[in-house]
Structure formats: structure tokens, C-alpha cells
Amino acid sequence: MNKSLLALAALSLSVPAHADRADDALTGDTLAWDFVEGITTEVGPRMPGTEQEARGRVWAMDWLRANGFANVADEPFDMPTWVRGIETAEVTAPFAQPMAITALSTTTSTGPEGIEAEVVYFPSYADLVAAEEGSLEGKIAFVSHDMRAAQDGSHYGFAGPARWTAPSLASSKGALATVIRSVGTDSHRVPHTGTTTFAEGVTPTPAGALSNPDADNLERMFERADGTPIRMKLVMTPRDLGTTRSGNVVGEIVGRDPSLPPVLLACHLDSWDLGTGAIDDGAGCGIIAAAAKHVAAEGQPLRTIRLLFAGAEETGLWGSKAYAEAHLDESVYVGLESDFGADRIWRLESNFTASDPALYRELAAAVGRFGVAPSGITASGGADLNLVREQGGPLIDLQQDGTRYFDLHHTADDTLDKIDPVQLRQNVAVWTAVVGVLANRAEPISMPDPL
């Protein structure tokens, strides 16, 4: 740790734990749990563009109004919508047995009869890149590019291409279909879904993710097949519904001076359809709403606190894009997002740490007592903060512990029981402390000079 970070750490440790709403939230917040318990129980999964997502927006608006938020609205937008159908996979030879698979969104159907073909094994994404053009003609590509757990979730960037672009790459080399090892860190027989994209000019093909134990099993089959072709049958019947309506839910704690740019707190309200959207991202919406309420309970803040419950994040950031387009001419004071589960916050990042050190020191001091460390890493902001990024505005990342996040991410295991109420309250406490500072600060934030 460099000298400036050591100084910040010392400052944060020297601040006494005084009684305020953040400290109260640490031990007594019930709002975040109330939100995530309610939406997962009464609505459940909220697949983008579907009736279930629409019910989630109505539920969230009712909850916000019942909890005193002003200017609650559903800001609609249109989007292409994909839904899954039947999903089965089985090795048919030489070691016949079923496997757990789930389709990746934007992929096409095998048809109800399915497809059967020889499987070609690629231990890594790089091996697929190196495959010769046309070498996969009439075959199924299997990409077993695995992920490792990390507190900051950084291995997702390494493992992600197996989902994001491998199906397109395999299709461009002739593959009938692609199966990947799930981009996740668990050992459960539960596959991880997610979105993939096909490059312009590449024909979309069926693609799915195997559970990690099934990917392990398929690897072992290749080890002992001794050159005998391994064949697999896939039945995946997703459908494109065309253009449907989604929306962003917004609400506010109105500040004493509404002419000042607001503090924008974001999450995403939609979820994948396999689980109930508890950690991704019902918890995030509960955290930011609870923090806004706790700040308001201390007295009307100087600046308006605006909540953005973005829609349709999972299948293409449609809500983030629509919000940025609709509000591009509206200044934002600072943007923050909660979208990495519900485990404890451990690190504070901003994109103004060097340009506005006084504010960063104040924020570090406010959260040090909750076990949050300062950092020299530059914040990039959450996925739903396109507006702030496009404006070149201030961003803060309150980094949560992601060690187990990718055990649950995009799976049927994303359910309420995975949330630790103690860690959830620590999130609310940290957010309350940070938002309290920001929403009551009159001075503009000094940003680095653009390059």
C-alpha cells in the first residue's frame, strides 16, 4: 500500500464510531430485507421483456410509494425479447448419460427433435481461437474454459469470453452448436445461464452452458475415450418474441435544493428466469432504497437522491441505454450502483480519488468503521450507469465481497436463502454513510482533466 493509502487507512481507523443512521442500519435495518424478501416471494423471477418483469415493476413502484418515495414512475422502452424452452443434453456414445444444461440467450433453437453430432473438445477459449476455419463443420464445440473464485470477481473477465463470444466463434468455423462449461465457481450440478452475442455475418446457432460437474465429466470422457468420437444430443427450444415493452422504475427523496444535480443510486430490477433474482439484483435494489430512506430519516438532504431500478439489464443493458438516452441532458452529481450480491462491502473506489482528495478522505473516514478499506483503483461504475459515464461524471464503486457470488450468479440457486442478513445490513450501513455525505454536500466534485 502506498503512503497516501496508508494515510487514508489511518484516518478511517481514527474516526470514532458515533451513533448515526448508518450505525443504526448496521444492527437494525429491516428495509433492504423487506424489499428483497417481498419481491422474490410475491413476484419471483423477472425475465427481461416478459409479463413477470412487468409485475416486478408494479410491485417495486407500490413498495416505493408505501415507503414515502416521491416521483415514482415507470419509464417505458421497447426491447427484443428472448425466452427459453425445453433444455436437455445427453451424451449418446460411448458413455451414454444425461447432462444438466441451460441455453444462453440470443441463441437459436435446435428444433423439438434436437440435433446429434460429434463433440470437439477445446480446453480453453484460446484453443477455440486457434482452431482452423471450417474444422467444426457439422460438429458440436465444447469449450471448457474454467473460472476461479476471487474476492473482487476479477476472474469473470478471464472466463467470460467462453460465454460472450465462443458460440459465435465456433459457428464461424462451422459448428452446429456450442456447449460451454458454465461461467461460475460452484461445484453444484446447476448450470449458469447468461447472454451471448453473434458477430455480424455469423449465423446464430444453439448454445448452452453445462453445469461444472457435467463439464468435468465430459472432460473425463475425452481422457478415456482413447480417440473414440464422443457424440451428444441437444434439445434446446428458445424463442424470440420480437419487440416487447420493458421499463425503468424511478423514485426520489427530494432534496432541499432540487436545482442541484441529484445523487443517482442504481440497481437492476430484472433477473434471469432460473432463480428468483435475490442476489442478482433484488438485494441491490433493497440496499439502495434502504440507504436513501435512512439518509432521509436524518432530515431532508440538500440534494435529491434518485433511485434507478433499471430494467432488462441481463439481456443487453436495455434499461441503462434507454435511461441514458432519455436523460442525457440532465446533470448527475455522482453515480453509484449495487449489483454484486449481498455480501459485505470491503473496498471504496472512486474516479476522483486524486482530483478531489478531500471528498475521498471524508468518504473513507465515514466507512472505515464498517471494515471498508480505501483504494487507489479507479471506479468504472456499475452496468446501469451509462448516463454518468457518457457525461464523464463522478463514479463510486462500493466493492462487495464476490468470493461466493459466482457460485450463484445466473443459476437456479439465486434465491433468498443465500442472503446473509448481517452482511446485507453492513451494505446498507456503508451505503447510508456514503450517500449521507454526498447528498448533503454543496460543492461540485473535482474531476481529473480529460485526456
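At what angle do helix H3 (residues 31-42) and H10 pack, and how far apart are their axes? The angle is about 145 degrees, and the axes sit 7 Å apart. Keep in mind that this is a predicted model. Two open sheets of eight strands each turn up here: one has the order E3-E2-E9-E5-E6-E7-E8-E4, and the other runs E1-E10-E12-E11-E13-E16-E14-E15. Below is a quick tour of the helix pairs, the two sheets and a few backbone oddities.

**H3 against H10**

- H3 and H10 cross in the right-handed sense.
- From H3, the contact takes in Leu 31, Ala 32, Phe 35, Val 36 and Thr 40.
- H10 brings Ala 278, Gly 282, Ala 283, Cys 285, Gly 286, Ile 287, Ala 290, Lys 293 and His 294 to that contact.
- Sorted by class, the residues where H3 meets H10 come out as nine nonpolar, four polar and one charged.

**H12 against H15**

- Helix H12 (residues 357-367) packs with helix H15 (residues 421-439) at about 150 degrees, their axes being 9 Å apart.
- Angles over 145 degrees count as roughly antiparallel, so that is the label for H12 relative to H15.
- The way H12 passes H15 is a right-handed crossing.
- On the H12 side you'll find Leu 359, Glu 362, Leu 363, Ala 366 and Val 367, and they meet Val 430, Ala 433, Val 434, Val 437 and Leu 438 of H15.
- That H12 and H15 contact has nine nonpolar residues, one charged residue and no polar ones.

**The sheet that runs from E3 to E4**

- The pairing in the E3-E2-E9-E5-E6-E7-E8-E4 sheet is mixed.
- Its edge strands are strand E3 (97-99) and E4, each of which pairs on one side only.
- From one strand to the next, the twist in this sheet averages 30 degrees.
- Strand E8 (residues 207-210) has two neighbours: strand E4 (residues 101-103) runs antiparallel to E8 and is joined to it by three bridges, while strand E7 (residues 177-181) runs parallel to E8, with four bridges.
- On the E4 side, Ala 103 stands opposite Gly 208 of E8, and Ile 101 is opposite Leu 210.
- On the E7 side, Arg 181 has Leu 210 of E8 as its bridge partner.
- Which way do the E8 residues point, and are they buried or exposed? Ala 207 and Ala 209 point one way, Gly 208 and Leu 210 point the other way, and all of them are buried.
- Helix H9 (residues 212-224) lies across strand E2 (87-93), E3, strand E5 (115-122), strand E6 (140-143), E7, E8 and strand E9 (231-236).
- The direction of H9 is at about 140 degrees to that of E3.

**The sheet that runs from E1 to E15**

- Pairing is mixed in the E1-E10-E12-E11-E13-E16-E14-E15 sheet too.
- Here the edges are strand E1 (70-83) and strand E15 (373-378), each pairing on one side only.
- The twist averages 25 degrees from one strand to the next.
- Inside this sheet, strand E13 (residues 334-337) pairs with strand E16 (residues 395-400) in the parallel sense over two bridges.
- Gly 335 has Leu 395 of E16 as its bridge partner.
- Helix H10 (residues 278-297) packs on this sheet, touching strand E10 (239-253), strand E11 (263-268), strand E12 (305-310) and E16.
- H10 makes about 155 degrees with the direction of E11.

**Backbone oddities**

- As background, most residues other than glycine have a negative phi, and most peptide bonds are trans.
- Ala 93 and Pro 94 are joined by a cis peptide bond, with omega at about 0 degrees.
- Pro 94 is in the loop between E2 and E3.
- Another cis peptide bond joins Asp 280 and Asp 281, where omega is about 10 degrees.
- Asp 281 lies in H10.
- Asn 71, found in strand E1, has a positive phi near 55 degrees.
- Thr 106 also has a positive phi, near 80 degrees, and lies in the loop between E4 and E5.
- Is Thr 106 buried, partly exposed or exposed? Thr 106 counts as partly exposed because its relative accessible area is 32%, and the partly exposed class falls between under 20% and over 50%.

Notes
Residues numbered from 1 in each chain as written. Predicted model: local features only at pLDDT ≥ 70, side-chain atom pairs only at ≥ 80, totals over all residues. Heavy atoms only, no water. Axes fitted to C-alpha atoms, helices over the stretch in contact; angles between N-to-C directions. Parallel < 35°, antiparallel > 145°, perpendicular 65-115°, else oblique. Left-handed = near helix turned anticlockwise from the far one by under 90°. Contact = heavy atoms within 4.5 Å. Nonpolar A, V, L, I, M, F, W, Y, C, P; charged D, E, K, R; others polar. Buried < 20%, exposed > 50% of the residue type's maximum accessible area, 1.4 Å probe, protein only. Pairing = 2+ DSSP bridges.
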